[in-house]
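Colleague: I have a model open on my screen and would like to walk through it with you. Could you help me read it?

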Amino acid sequence: MAKTHLLLHPILLLLLLLNPLPKVYGVGINYGTLGNNLPSPKKVAQLLQSTLIDKVKIYDSNPEILQAFSNTGIDLIVAVENYHVANISSDVPAADAWLASRIVPFIPATSVVAICIGNEYLTTDDDKLEANALVQAMQNMHAALVSRGLDRKIKVTTPHSMAILASSFPPSASTFALNLMPTMTAIVGFLADTGAPFMVNAYPYFAYRDNPGTVSLEYALLGNATPGVHDPKGYAYSNMLDAQIDAIRSAINALGFGNRRIEITVSESGWPSKGESGDTAATPQNAKTYNTRLIERAQSYKGTPMKPKDKVEIFVFALFNENKKEGRASERNFGIFNGDGSKVYEVDLSCQFCSNGGTVGFSEKVSGGFRGPSVWCVAKPHADEKVLQAVLDFCCGPGGVDCREVYESGDCFQPDKLLAHASYAMNAYYQMHGRNYWNCDFKGTGLVTFGDPSYGRCRYPQQ
């Protein structure tokens with residue numbers, strides 16, 4: 001077995017399997033659909049199963065997308081569009097009707113974990129959007145979730161732009177815009193009470209594009225800028241994104257919520273590969289550099305100078321270039337992929353032992369495609385290793401699985417990785433016990449897949 005395999009004490013094994021999992025942070029991505037040349041949602045879902053992406057955020061509640069992501073092990077964040085917020089704000093039955101028609105038919109097969117009420121709702125140019133309606137819509141949607149017993153699984157939040165701040169520098173002195181103070185106080189209080197994250201769309205690109213003479217490119221590109229930027233309270237920033245996150249944190253604290261736990265999620269961040277004539281910032285190389293570092297940042301479990309132990313979840317913007325999006329050329333060129341499925345530039349999204357064999361690309365042949373009723377169970381790519389070790393020990397011990405194939409002389413020993421060995425054992429247990437969905441739970445570390453994870457001489461058993 002993997003070198004990490006050590007037989008755990010039975011009591012420790014029991015505790016690890018029964019206690020709640022620590023939160024595992026993966027990489028999220030925004031999936032926009034304002035294009036006339038994009039792959040089908042089913043093809044997108046199949047592609048993403050072979051990547052390190054484990055969360056997808058969309059801008060509506062497209063039923064085709066919700067159906068496509070069923071049984072993929074990928075979490076989905078859906079949205080109520082800005083124009084629909086007023087209706088949801090009218091009363092709880094209106095929110096429940098939306099929930100009943102848009103979300104309930106697809107769960108639990110599709111793992112919906114959050115509903116975003118609007119997008120940058122408070123800073124759009126639409127005078128018809130009432131700030132109070134946003135708060136009421138969030139409260140109504142949460143109440144509808146509570147009535148259905150879904151509030152622990154599905155959180156309600158709203159993504160903001162950085163324009164909600166009066167000023168973002170220095171980070172330690174940042175506050176929300178004066179005219180938004182009452183609304184932001186209500187929103188932050190709601191998030192604190194319900195355990196939902198504060199979402200912000202943060203783009204160092206725009207700051208650099210508009211001020212190239214005063215903002216360092218390396219600082220904007222998530223590099224380790226030297227000497228960086230120093231806050232009067234002693235915090236040192238080597239990149240702008242961390243400074244933007246801490247500016248939001250300071251604004252939250254200034255409202256009097258410093259003693260409440262509110263997680264900050266970067267709901268959008270990215271860099272375009274192409275812009276208007278004269279936009280020297282929007283290049284494929286800069287986009288590749290920023291998004292590569294952003295993905296590394298998302299996986300690093302690092303906090304910020306102000307809160308180094310508070311992990312920040314990140315959603316990369318975006319999956320596709322969207323050729324029907326309005327605005328400047330840069331708005332249509334934030335994607336990692338073109339509409340035809342080819343990569344705009346090379347960013348490593350590959351993942352070993354994901355459900356389709358690890359290839360990344362829409363035009364590439366996918367190993368282990370869908371095979372009718374055949375189904376397997378594998379370990380999630382970002383599963384906690386201590387829990388995976390406990391699962392492996394359980395399956396190969398009390399669980400009764402024959403694990404000789406993952407011993408050193410077995411066909412599934414290579415690669416000698418805990419994730420690979422645990423996947424084999426989890427699948428064998430799942431097949432032995434009737435392939436019920438609960439037999440592939442393993443405290444949230446397993447996922448059911450229709451793609452055969454077998455490789456080379458290593459064959460994963462099936463019922």
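Modeller: What follows is a short tour of the fold, its cores, two helix pairs and some backbone details.

Colleague: Before we start, what kind of model is this?

Modeller: This is a predicted model, and everything I say about it is computed from that model.

Colleague: How many helices and strands does the protein have?

Modeller: There are 13 helices and 15 strands in the protein, and of its 463 residues, 54% count as buried. If you take contacts between residues at least 6 apart in sequence, 73% of them join residues at least 24 apart.

Colleague: And which residues touch the most other members in the largest nonpolar core?

Modeller: That core has 103 residues, and the ones touching the most other members are Val56, Phe69, Ile115, Ile117, Met141 and Phe198. Helix α10, residues 240-257, gives the largest share of this core, with 10 residues. As general background, nonpolar side chains tend to be buried together in soluble globular proteins.

Colleague: Let me pick one of those. What does Val56 touch?

Modeller: Leaving aside residues up to four places away in sequence, Val56 touches Ile29, Tyr31, Leu48, Phe69, Ile74, Asp75, Leu76, Ile77 and Phe315. Apart from the largest core lies another core, of 30 residues, which includes Cys377, Val387, Ala422 and Ala425.

Colleague: Now the helices. At what angle do α7 and α10 pack?

Modeller: Helix α7, residues 181-194, packs against α10 at an angle of about 90°, with the two axes 10 Å apart, and therefore α7 and α10 are roughly perpendicular to each other. On the α7 side the contact involves Met181, Met184, Thr185, Val188 and Gly189, which meet Ile252, Leu255 and Phe257 of α10. The residues of this contact divide into 6 nonpolar, 2 polar and no charged.

Colleague: What about α12 and α13, how do their axes cross?

Modeller: The axes of α12 (residues 385-396) and α13 (residues 418-432) come within 9 Å and cross at roughly 45°, which means that α12 is oblique to α13. The crossing in which α12 passes α13 is left-handed. From α12 the contact uses Glu385, Leu388, Gln389, Val391, Leu392, Phe394, Cys395 and Cys396, and from α13 it uses Leu418, Leu419, His421, Ala422, Ala425, Met426 and Tyr429. By type, the residues of this contact divide into 12 nonpolar, 2 polar and 1 charged.

Colleague: Changing topic, where are the cis peptide bonds you would point out at Pro108 and Pro170?

Modeller: One runs from Ile107 to Pro108, with omega near 10°, and Pro108 sits in the loop between α5 (92-102) and β4 (111-117). Another runs from Phe169 to Pro170, with omega near -5°, and Pro170 has its place in the loop between β7 (165-167) and β8 (175-176).

Colleague: Why do people remark on such things?

Modeller: Because most peptide bonds are trans, and most residues other than glycine have a negative phi.

Colleague: Then which sign does phi have at Phe442, and is Phe442 buried or exposed?

Modeller: Phe442 has a positive phi of about 50°, although it is not a glycine, and at 9% relative accessibility Phe442 counts as buried. Its place is in the loop between α13 and β15 (446-449).

Colleague: What is phi near at Lys443?

Modeller: Phi of Lys443 is near 55°, again a positive value in a residue other than glycine. Lys443 is found in the loop between α13 and β15, and Lys443 is partly exposed, with a relative accessible area of 33%.

Definitions and conventions. Residues are numbered from 1 along each chain as its sequence is written. This is a predicted model: local features need pLDDT of at least 70, side-chain atom pairs count only at pLDDT 80 or more; totals for chains, interfaces and linings use all residues. Side-chain values use heavy atoms; hydrogens and water are left out. Axes are lines fitted to C-alpha atoms, for helices over the stretch in contact, and angles run from 0 to 180 degrees between N-to-C directions. Helices (H or I, at least four residues) and strands (E, at least two) are DSSP runs, numbered from the N terminus. Angles under 35 degrees count as roughly parallel, over 145 as roughly antiparallel, 65 to 115 as roughly perpendicular and the rest as oblique. A crossing is left-handed if the near helix is turned anticlockwise from the far one by less than a right angle, and right-handed if clockwise. Contact means heavy atoms within 4.5 Å. Ala, Val, Leu, Ile, Met, Phe, Trp, Tyr, Cys and Pro count as nonpolar, Asp, Glu, Lys and Arg as charged, and the others, Gly among them, as polar. A nonpolar core is a set of buried Ala, Val, Leu, Ile, Met, Phe, Trp, Tyr and Cys residues joined through side-chain atoms within 4.5 Å. Buried means under 20% relative accessible area, exposed over 50%, partly exposed in between (1.4 Å probe, protein chains only).
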